[in-house]
Amino acid sequence: MNEDNSIFIGGKPFMNYVTGVVMQFTTKNATEVIVKARGKFISRAVDVSEVATKRFLEGQAVVKNVTINSEEFENKEGKIVRVSTIEVLLAKIISGDLAQIAIKKLEGADNLYRIREGKIRIVFRKESGQNI
């Protein structure tokens with residue numbers, strides 16, 4: 001992924017970041033965008049990701065992965081400080097691309113599968129010779 005597809009969350013107005021995410025997908029035709037934040041801006045990164053995918057890009061983009069970590073650095077007083085970080089990977093939904101869908105074969109049953117998306121579950125049977 002290109003670094004140009006990263007949105008770094010800080011103290012600017014909330015909608016500036018949402019607009020940035022939407023612009024990456026719509027005008028720059030990005031297939032993935034990473035929303036990054038540290039420390040007190042982590043909750044804002046989550047909010048930006050949710051608003052962008054659920055209100056402005058509904059049915060067009062999803063949260064594909066979330067990575068949490070921490071970074072260590074030296075502050076102005078010379079003390080070593082550790083700060084939490086988050087990266088939210090947003091992915092464009094490509095028609096016919098099943099990689100975005102959580103499909104699992106159910107144990108103890110022949111040819112039964114489950115699709116899970118949030119609180120929704122769909123169970124289906126795959127017939128022989130058919131692609132999912």
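When I say two residues touch, I mean they have heavy atoms within 4.5 Å of each other. Hold on to that, and keep in mind that this is a predicted model.

Okay, let's start with one residue, isoleucine 9. Which residues does isoleucine 9 touch, if we don't count those up to four places away in sequence? There's Tyr17, Val35, Lys36, Ala37, Phe41, Arg44, Ala45 and Val48. Now zoom out to the largest nonpolar core, which has 20 residues. Ile9 is among the four that touch the most other members, along with Val21, Phe25 and Val35. As for who contributes, α1, β2, α2 and β4 each supply at least two residues of this core. The largest share comes from α1, with 5 residues.

So much for the core; on to the sheet. We've got 4 strands in an open sheet, and the order is β1-β2-β4-β3, with mixed pairing. Why do β1 and β3 each have one side without a neighbour in the sheet? They stand at the edges, β1 at 6-8 and β3 at 61-74, and each has a single partner strand, so one side is left free of a neighbour. On average, neighbouring strands here are turned by 20° against each other, ignoring direction. β1 pairs with β2, residues 32-38, in the parallel sense, over 3 bridges. If you want a landmark there, isoleucine 7 has valine 35 in β2 as its bridge partner. And yes, that's the Val35 I just listed for the core.

Now the helices. α1, residues 14-26, lies across β1, β2, β3 and β4, and runs at about 175° to β1. α2, residues 42-56, lies across β2, β3 and β4, and runs at about 5° to β4. Quick sanity check on α2: with 15 residues at 1.5 Å a residue, the helix should span 21 Å, and its end C-alpha atoms are 20 Å apart, so that agrees.

Which residues of α2 are buried? Ala45, Val48, Ser49, Val51, Ala52 and Thr53. Their cover includes α1, β2, β3 and β4. On spacing, an α-helix has 3.6 residues a turn, so residues three or four places apart point the same way. Have a look at the buried ones in α2, such as Ala45, Val48 and Ala52, with that in mind.

Last stop, threonine 85, over in strand β4. Buried or exposed? Its relative accessibility is 12%, and the cut-off for buried is under 20%, so threonine 85 counts as buried. Outside its neighbours within four places in sequence, threonine 85 contacts Ala37, Arg38, Ile42, Thr67, Ile68, Asn69, Ser70 and Glu71.

Terms used: Residues numbered from 1 in each chain as written. Predicted model: local features only at pLDDT ≥ 70, side-chain atom pairs only at ≥ 80, totals over all residues. Heavy atoms only, no water. Pairing = 2+ DSSP bridges. Axes fitted to C-alpha atoms, helices over the stretch in contact; angles between N-to-C directions. Core = buried A, V, L, I, M, F, W, Y, C linked by side-chain atoms within 4.5 Å. Buried < 20%, exposed > 50% of the residue type's maximum accessible area, 1.4 Å probe, protein only. Expected span 1.5 Å × (residues − 1).
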